[in-house]
Amino acid sequence: WMSFNTVPTELIVHIFSSIPTRVLLRTVALVCKTFGEILKSDWYWKTRHSPYGNHFPVEFEGVSQWQLACAQSEILTAACSRDPTENSCTMKGPTGAVDCVLLLDPDLHGTNAVIAAGARDGNIYLWRRRRREETPGRSMRSFTGSVLSEHTGWVWSLASDPTSTSLLCSGGWDNKVLLWDVAAGQRVENIGTHKFAVLSLLFPESHVLMTGCFDKQIREFDLRTPISHTSTLTGHKGPVLCLGSTGYYVFSASDDKTVCVWDRRTQKRLQKVTHKSIVTWLHYDHGVLTVTEGGRPTGNVNIYSFTGGHLDFLQAFNPGHSKPLTCISHNLVMIATSSQDGLVNLRSWNLADKPLLSLNNHKGNSISRIHWNGSTLVAGGGDMTVSLWTPKSASL
């Protein structure tokens with residue numbers, strides 16, 4: 001008889017190639033020591049990912065990033081080869097344009113997602129996916145909705161605490177910053193120290209909130225009781241439109257066409273990068289910062305690496321939209337861009353390629369914001385709807 005110890009490693013690797021990454025990590029790695037050692041090795045995941053090509057701008061760090069890249073490549077590549085309507089659904093309810101969206105607590109396939117959307121009617125709309133065994137389809141019947149109503153102006157920004165699945169923060173043109181318990185469906189705090197519209201929110205770490213405002217300032221708050229205003233960052237010459245963070249370092253984009261890098265510990269600006277037009281959005285993940293310019297008729301996407309507190313320009317590309325860009329998000333294998341042309345374009349990091357998929361769930365209406373978390377993408381726009389694109393796990 002034959003044991004796993006006598007089976008050639010090449011044969012085991014060949015068998016593994018037909019098993020989805022998520023199954024290998026959750027189940028197969030626990031079968032025996034031999035399987036576990038193979039699935040902990042760099043060489044295995046680099047080999048497994050090689051057919052997709054690794055075009056990410058910076059080197060992956062450690063086995064975990066290679067594993068994540070393999071999982072995302074398998075799910076997203078399969079989904080992009082299918083009719084986008086198979087993986088999409090649209091949620092209605094807002095009576096005003098949707099200006100911000102957020103996906104809370106998703107797993108790799110979005111099956112535990114809570115979708116939040118802020119609208120110009122002053123409300124925050126929540127949709128929760130019901131258990132799959134109750135509603136196996138992807139229609140609106142798969143979701144149950146609720147409304148949070150305490151803002152008196154446009155809700156322009158949303159953020160969630162990275163260590164809490166139920167704490168949601170909202171800001172808007174009524175100058176309010178509100179904290180919500182999503183599970184309970186009620187407001188828990190009003191941070192009422194702002195005199196101008198709150199355009200961006202960020203949790204750089206647990207219990208720490210940062211706000212970017214129309215008055216060109218960035219404020220930091222410690223949310224532990226009692227809530228306190230701990231610092232203010234100044235230096236922009238226009239409203240602060242977007243914030244991103246590595247934890248200690250913060251990125252800010254402004255109407256003044258600049259992106260700034262700040263050190264939270266010293267409260268000093270480390271770098272200022274000037275662009276050709278207004279920076280509409282930025283996104284930081286895995287050592288890479290992507291920035292959208294909202295120029296007319298279209299703008300570019302600028303890509304930077306970030307190490308040692310400094311941004312280094314890598315390249316710029318035109319994402320192929322016909323109207324100005326509004327938002328961007330990326331992961332280890334793809335970039336998603338949205339535009340006033342109503343499309344969300346998904347493309348690989350091999351930027352010479354045309355988009356792998358264009359989502360037109362909003363029928364040509366301008367898309368204000370997108371949020372990509374795991375492999376699930378949510379978008380909101382001027383047609384007063386929110387769309388969800390969730391690749392089916394069964395497609396692997």
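**Exercise 1. Sort the residues lining the second largest pocket by character, then find what supplies them.**

Step 1. The lining of the second largest pocket splits into eleven nonpolar, seven polar and five charged residues. Here Ala, Val, Leu, Ile, Met, Phe, Trp, Tyr, Cys and Pro count as nonpolar, Asp, Glu, Lys and Arg as charged, and the others, Gly among them, as polar.

Step 2. This is a predicted model, where local features need pLDDT of at least 70 and side-chain atom pairs count only at pLDDT 80 or more, while totals for chains, interfaces and linings use all residues. Residues are numbered from 1 along each chain as its sequence is written, and side-chain values use heavy atoms, leaving out hydrogens and water.

Step 3. The second largest pocket holds about 550 Å³ of space. Of its 23 lining residues, Trp156, Leu241, Thr280, Gln340 and Arg369 are the closest to its centre. On a 1 Å grid over the protein atoms alone, a pocket is an open set of points where a 1.4 Å probe fits, with protein on both sides within 12 Å along at least five of seven lines; lining residues have an atom within 4 Å of a point. A volume is the space filled by probe spheres set on the points, which are joined across faces, edges and corners.

Step 4. S22 and S26 each give two or more residues to this lining, and S26 gives the most, with three. Strands (E, at least two residues) are DSSP runs numbered from the N terminus, as are helices (H or I, at least four).

**Exercise 2. Locate the salt bridge between Arg187 and Glu150 and describe its partners.**

Step 1. Their side chains meet at 2.6 Å, N to O. A salt bridge is a side-chain nitrogen of Lys or Arg within 4 Å of a carboxyl oxygen of Asp or Glu.

Step 2. Arg187 sits in strand S9 (residues 186-190) and Glu150 in the loop between strand S5 (143-148) and strand S6 (155-160), so the pair, 37 residues apart, links distant parts of the chain.

Step 3. Arg187 is partly exposed at 34% relative accessibility, and Glu150 is partly exposed with 34% too. Buried means under 20% relative accessible area, exposed over 50%, and partly exposed in between (1.4 Å probe, protein chains only).

**Exercise 3. Are Asp215 and Arg219 buried or exposed?**

Step 1. Asp215 forms a salt bridge with Arg219, with the closest N and O atoms 2.7 Å apart.

Step 2. Both Asp215 and Arg219 are buried.
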